[in-house]
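Colleague: I would like to go through this model with you, beginning with one residue and then turning to a sheet and to some charged pairs.

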Amino acid sequence: MLDLQWSRDSRVLFSASADTTVASWDTETGQKIRKHEGHEGVIDCLDVSKRGMEIVVSGSDDGTVGLWDPRQKEALEYVETPYPITAVAVSEVASEQYTDGIDPDIKVWDMRAKRIIYTLRGHTETVTSLVVSPDNQSLLSFSHDNTVRTWDIRPFAPTNRAIRTYEGAQKGLEQNLFKASWDQEGKRIAAGGGDEYHSVTVWDVATGNGTKLTGHKGSVNDVRFHPGGEPIGKVFLLFPDNDFVGLSRRLSRRWRRSFSEVVSSVHLDHMC
């Protein structure tokens, strides 16, 4: 499993896999609901629209972005790009889509016209994470160039959309698809990494001040904030033999109200 996203009602978990499929899972029973086939390469990333028709968006090493109605097995359509896609995000109603990969320039797509409307330049290496802020006005990105950046994605923003660059999260020798995240108020951001301390870095968005959290024994691939605004906690999503459903059942009872923002920290020392 390379990425996980929750449905809006928190009853379904969507997974991206190296077997080239997107899958949906019932979080109460742990049963697979549907397998979505169509990509021809490893699927590295997912996102889900927040309003309107629920759309799952997937990015693959085959250079395409798939748009899926979770109720159907086949994709609604694919958007073709020249490079493998390692990070994808969608606007609130999926009218705009943000993609990146081996090419470090972030592409912003008008999904109605299926064209790139502008490009966000600044990263110098592969971008591994893209996340839209809770107020839908900013985009968070994390790259192998060891920087986390925020961008202004409002419709009438200035030509230079770069807001701030945050340093401190290191990929080390790893080439993993490290993820970053916003807290639910958009006041803090966090990112994992592969430095020698296996740390999580948390920044204040306004000031840029950062804090390191240590304790893992391997690279921290994914970090998300607790929905209650508490300090970052740890919920380990384990994938022995690609089986995470047992844990998802336990989590569903505890976090039913806020599945879509539950803290998750996926790291190498707990993966088989």
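Colleague: In which strand is the place of D3?
Modeller: This is a predicted model, so the answer rests on the assignment made from its coordinates. The strand that holds D3 covers residues 3-6, and that strand is β1.

Colleague: Is D3 buried or exposed?
Modeller: Outside its neighbours within four places in sequence, D3 is in contact with several residues, including F14, D44, K179 and R224, and a polar contact of 3.5 Å joins its side chain to that of R224. Since buried means under 20% relative accessible area, and D3 has a relative accessibility of 6%, the residue counts as buried.

Colleague: Which strands stand at the edges of the open sheet of four strands?
Modeller: The order in this sheet is β13-β14-β15-β16, and the pairing is antiparallel. Two of these strands each have a single partner strand, so that one side of each is left without a neighbour in the sheet; these are β13 (127-132) and β16 (162-167).

Colleague: Which residue in β16 is the bridge partner of T150?
Modeller: Strand β15, which comprises residues 147-152, runs antiparallel to β16 and is joined to it by five bridges. For T150, the bridge partner in β16 is R164.

Colleague: How many residues apart are R51 and E92, whose side chains meet in a salt bridge?
Modeller: The N to O distance in this salt bridge is 3.1 Å. R51 lies in the loop between β5 (43-48) and β6 (56-60), whereas E92 lies in the loop between β9 (85-90) and β10 (96-101), and the pair thus links distant parts of the chain, 41 residues apart.

Notes: Residues are numbered from 1 along each chain as its sequence is written. This is a predicted model: local features need pLDDT of at least 70, side-chain atom pairs count only at pLDDT 80 or more; totals for chains, interfaces and linings use all residues. Side-chain values use heavy atoms; hydrogens and water are left out. Two strands pair if DSSP finds at least two bridges between them. Helices (H or I, at least four residues) and strands (E, at least two) are DSSP runs, numbered from the N terminus. Buried means under 20% relative accessible area, exposed over 50%, partly exposed in between (1.4 Å probe, protein chains only). A polar contact is a pair of N or O atoms within 3.5 Å; within protein, one must be able to donate a hydrogen and the other to accept it, and residues adjacent in sequence count only if both atoms are side-chain atoms. Contact means heavy atoms within 4.5 Å. A salt bridge is a side-chain nitrogen of Lys or Arg within 4 Å of a carboxyl oxygen of Asp or Glu.
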